[in-house]
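Me: I should like a close look at a single part of this structure, explained in terms that a first-year student can follow. Please begin with that part and then describe its surroundings.

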Amino acid sequence: MGKRLITQRRGRGGPQYLSPSHRHVDDVRLPAFDEGEGTISDLIHAPGRTCPLSEVVFNGKKDYLLAAEGVKVGQKITVGGGEIRPGNVMMLSKIPEGTPIHNIEGVPGDGGKYAKTAGTSASVVSRGEKVVILMPSGVLKEFNPRCRAAIGVVAGGGRDDKPFAKSGKKYHTLRSRSKAHLKVSGVAMNPVDHPHGGGSHPHVGKPSTVGRNVPPGRKVGRLSPQKKKKK
């Protein structure tokens with residue numbers, strides 16, 4: 001009997017597809033309060049994340065934020081006000097156009113959902129009833145003006161500049177995030193291992209389009225494409 005497809009294994013779950021929560025330092029959300037001021041006490045490494053974290057003390061209570069490029073230990077972090085400075089948190093309606101931002105809330109108060117990877121940032125395009133933001137992908141997205149974001153670019157952007165050089169380093173790096181370091185294409189497999197496997201040379205050998213209601217083991221290739229619409 002052939003091995004289970006990766007799609008089936010992912011659906012069943014298991015250690016290799018679960019987030020390594022025991023290694024995470026914190027959930028890293030924007031502070032729950034609207035206004036306040038804290039001090040960066042330390043910059044730390046967070047296993048399972050691509051960027052460092054800044055340890056901020058607000059009124060004697062320790063909290064964690066994504067470290068922005070240029071922040072340093074001893075720097076003051078303001079929430080809800082203050083100047084446009086890397087690390088500060090404020091509403092989108094108060095951030096000038098063209099300012100780089102990260103950890104953007106999708107809904108006011110959710111703590112931040114967008115632009116959280118090392119080296120990434122979005123920028124404010126226009127403000128009005130909705131705030132238009134240019135996302136890292138190049139897409140323009142509208143947000144509620146009461147959503148908050150942190151100023152600056154997420155630190156750790158140069159992590160891709162240094163090559164892994166050997167597979168062992170990549171294995172250990174991705175293992176901290178419970179991710180597989182090797183990926184094999186379906187056409188390179190045997191027919192018992194993948195619907196695209198088999199043949200005298202690597203090719204699909206059949207239409208790669210699959211329907212919406214096929215079982216999970218068949219959901220590979222072009223998934224339920226829509227029919228061409230007549231104008």
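The part in question is the hairpin of S8 and S9, and the reply starts there.

Reply: The model is a predicted one, in which local features need pLDDT of at least 70, side-chain atom pairs count only at pLDDT 80 or more, and totals for chains, interfaces and linings use all residues. Residues are numbered from 1 along each chain as its sequence is written, and side-chain values use heavy atoms, with hydrogens and water left out.

Some terms come before the hairpin itself. Helices (H or I, at least four residues) and strands (E, at least two) are DSSP runs, numbered from the N terminus. Two strands are said to pair if DSSP finds at least two bridges between them.

Strand S8 covers residues 131–134 and strand S9 covers residues 140–143; the two run antiparallel and are joined by 4 bridges. Across this pairing, leucine 134 faces leucine 140 of S9. Between the strands of the hairpin are 5 residues, and glycine 138 has a positive phi near 95°. As a general rule, most residues other than glycine have a negative phi.

The two leucines also belong to the surface. Together with Val125, Leu134 and Leu140 make a nonpolar surface patch of about 250 Å². A patch is made of residues with over 30% relative accessible area and no salt bridge, where nonpolar side chains (Val, Leu, Ile, Met, Phe, Trp, Tyr) are joined within 5 Å and like charges within 9 Å. The areas come from the Shrake-Rupley method with a 1.4 Å probe, and for residues only the protein chains shown count as cover. Valine 125 is located in strand S7, residues 122–126. Its relative accessibility is 40%, and valine 125 therefore counts as partly exposed; buried means under 20% relative accessible area, exposed means over 50%, and partly exposed lies in between (1.4 Å probe, protein chains only).

The loop between S7 and S8 leads to a second kind of contact, the salt bridge. This is a side-chain nitrogen of Lys or Arg within 4 Å of a carboxyl oxygen of Asp or Glu, and the rule gives 5 salt bridges here. One of them joins glutamate 97 to arginine 127, with 3.4 Å from N to O. This pair connects distant parts of the chain, 30 residues apart: arginine 127 is in the loop between S7 and S8, while glutamate 97 is in the loop between strand S5 (89–91) and strand S6 (100–102). Glutamate 97 counts as partly exposed because its relative accessibility is 42%, and arginine 127 is partly exposed as well, at 37%.

Further along the chain, arginine 148 and glutamate 105 meet in a salt bridge at 3.1 Å, N to O. They too link distant parts of the chain, since arginine 148 is in strand S10 (residues 148–151) and glutamate 105 in the loop between S6 and S7, 43 residues apart. With a relative accessibility of 8%, arginine 148 counts as buried; glutamate 105 is buried at 0%. In another salt bridge, the closest N and O atoms of aspartate 27 and arginine 29 are 2.7 Å apart. Aspartate 27 is partly exposed at 47%, and arginine 29 is partly exposed at 33%.

The loop between S5 and S6 also holds lysine 94, which is partly exposed with a relative accessible area of 47%. Its C-alpha atom is separated by 16 Å from that of glycine 109, a residue 15 positions away along the chain.

A second hairpin can be set beside that of S8 and S9. Strands S2 (residues 53–58) and S3 (residues 61–66) run antiparallel and are joined by 6 bridges, with serine 54 opposite leucine 65 of S3. There are 2 residues between S2 and S3, and asparagine 59 in the turn has a positive phi of about 50°. Positive phi values also occur at alanine 165, at about 75° although the residue is not a glycine, and at serine 224, near 35°. Alanine 165 is in the loop between S10 and H2 and counts as exposed because its relative accessibility is 77%. Serine 224 belongs to the segment after strand S12 (222–223).
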